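Me: Could you take me through this model, starting with the terms and then moving from the overall fold to single residues?

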Amino acid sequence: MRPLRRQDVVGRPRWWNGRIYLDNVRLMRVGKAELTPVLELEAGLVPVAGLCHGWDPAQVEAHAEWLYPRHVDPVTGMARLSHHSWLLRTGDFTLLVDPCIGNSKSRALPPNEYYDMLDTPWLDRLAAAGTHPDEIDLVVCTHLHPDHCGWNTRLVDGRWNPTFPNARYVLSAPEVSFWDAFARAPDRFPEFAYNRGVFEDSVAPVLEAGLVELLDDGDSPAPGVTLLATPGHTAGHWSACYADDLDGVCFSGDVLHSPVHVLRPEWTLSPSPGANFDHQAAAASRRAVLDHCATTGHLLAPAHFQTPHACRIAHSTDGRYLLSWPTEI
Ligand SMILES: [Zn+2]
């Protein structure tokens, strides 16, 4: 692995005590565990109108102070989406959730053109967060879209090899079965053309290496970790919840894409085919995750919220949800 270079760093690097200190490495405490987002892309721009169907800026104006322009640019109507993985170190095991897009992957089809043939220092950022790929014990993909399983593998001598050779890759059985069927007959699902090649280069190699454990709703792949089926965005989407006796976190993948979805969960993705596998199920899963976090007080850690990337949820008196951001350490 090459050493970290100044230009690799998202945010403002600072030198401190002879070591590089990264503004983008944010540590959060979850009970006895330590949580770090590992960034790949910081500024994916998506039209809010497509992400939040029915979007009305006037209805979220009360939140403009923190929402604009970090999460949403109200002038251009674009949402700013981060792409990051989550690293959780409990002391007993190291969990990586949603290994981003990956390098050298052919993703030329819309709407994912900006995922095509990336060359980012994501592995260096993982190292900057204090973890070598060999030290990952468990990889969980919330679903198998290209931006949630890409670093499952990396290109070595022309072959896609598992990036985390000592990990168990925990995948959703219904999700694998759907994309396996898609890979065998992609023409049957033209609306999911953007996912062509993902199963072949990012899932099949870890299956062939014998590293995959196929699980389902309610299963627990490690102490304190529970898998919660949250289907809708994809057929077998799930969320991974971790808790100890002090606190917890719910890694919710793409159940929500933007904090606007916390404020107005009914603003779904564009109803066009391919945006969600099942819009009704996606809406139910969103409320289930928000209710889970509001009831338990656990941190909500989605895959695309801008910095600081995770938040707390509470029920508000008018039947909606409130959100607050954690203090970073
Ligand atoms: Zn995503």
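Reply: A term first: helices and strands here are DSSP runs, of at least four residues (H or I) and at least two residues (E) respectively, numbered from the N terminus. This is a predicted model.

Me: Fine. Where does D157 sit in those terms?
Reply: D157 lies in the loop between β9 and β10. Its phi is positive, about 50°, although D157 is not a glycine.

Me: Is D157 buried or exposed?
Reply: D157 counts as exposed, because it has 5 C-beta neighbours inside 10 Å and the limit for that class is 12 or fewer.

Me: Which loop holds S104, and what is its phi?
Reply: S104 is in the loop between β7 (94–97) and α3 (122–128). Its phi is positive, about 65°, and S104 is not a glycine either. S104 is partly exposed, with 14 other C-beta atoms within 10 Å.

Me: Let us step back. How many helices and strands are there in the protein chain?
Reply: The protein chain has eight helices and 18 strands.

Me: And what is its radius of gyration against that of a compact globule?
Reply: The protein chain has a radius of gyration of 19 Å; this agrees with the value near 20 Å for a compact globule of 329 residues. The C-alpha trace spans about 55 × 55 × 40 Å along its principal axes. Of the 329 residues, 42% count as buried. Among contacts with a separation of 6 or more, 67% are between residues 24 or more positions apart.

Me: What about confidence? Where does pLDDT stay under 50?
Reply: The average pLDDT of the protein chain is 90, and 91% of the residues score at least 70. Over residues 1–24, however, pLDDT stays under 50, and the model has 27 contacts beyond four places in sequence for that stretch.

Me: Now the interior. Which residues have the most contacts inside the largest nonpolar core?
Reply: That core has 60 residues, and those with the most contacts inside it are V139, V140, A240, Y242, V249, C250 and A301. A second, separate core has 10 residues, including V48, L67, L81 and L269. In soluble globular proteins, nonpolar side chains tend to be buried together.

Me: What is A240 in contact with?
Reply: Leaving out neighbours within four places in sequence, A240 contacts V97, V140, T142, V225, L227 and F251.

Me: How is β14 joined to β15?
Reply: Strand β14 (residues 238–243) and strand β15 (residues 248–253) run antiparallel and are joined by four bridges. One pairing involves C241, whose bridge partner in β15 is C250.

Me: And what is the strand order in the open sheet?
Reply: The order of this six-stranded open sheet is β13-β14-β15-β16-β17-β18, with mixed pairing. At the edges stand β13 (225–229) and β18 (321–324); each has a single partner strand, so one side of each is left without a neighbour in the sheet. On average, neighbouring strands of this sheet are turned by 30° against each other, direction ignored.

Me: Which residues does R312 touch?
Reply: R312 is in strand β17 (residues 311–315). Not counting residues up to four places away in sequence, R312 touches G297, L299, L323, S324 and P326. R312 is partly exposed, with 15 other C-beta atoms within 10 Å. The C-alpha atoms of R312 and Y169 are separated by 28 Å, the two residues being 143 apart along the chain.

Me: Changing topic: which residues of α6 are buried, and what covers them?
Reply: In helix α6 (residues 198–208), the buried residues are V198, F199, D201, S202, V203 and V206. Their cover includes α4 (146–149), β9 (153–156), β10 (159–162), β11 (168–172), α5 (173–184) and β12 (212–215). Just after α6, G210 takes a positive phi of about 75°.

Me: Last item: where are the cis peptide bonds to P69 and P308?
Reply: The bond from Y68 to P69 is cis, with omega near -10°, and P69 is placed in the loop between α2 (64–67) and β5 (72–73). T307 and P308 are also joined by a cis peptide bond, with omega about 5°. P308 belongs to the loop between β16 (299–302) and β17.

Key
Residues are numbered from 1 along each chain as its sequence is written. This is a predicted model: local features need pLDDT of at least 70, side-chain atom pairs count only at pLDDT 80 or more; totals for chains, interfaces and linings use all residues. A residue is buried if 20 or more other C-beta atoms lie within 10 Å of its own, exposed if 12 or fewer, and partly exposed in between; C-beta atoms are placed from the backbone. Two residues are in contact if their C-beta atoms, placed from the backbone, lie within 7 Å. The radius of gyration is taken over C-alpha atoms; the globule rule is 2.2 Å times the number of residues to the power 0.38. pLDDT is the predictor's confidence in each residue, from 0 to 100. A nonpolar core is a set of buried Ala, Val, Leu, Ile, Met, Phe, Trp, Tyr and Cys residues joined through C-beta atoms within 7 Å. Two strands pair if DSSP finds at least two bridges between them. Axes are lines fitted to C-alpha atoms, for helices over the stretch in contact, and angles run from 0 to 180 degrees between N-to-C directions.
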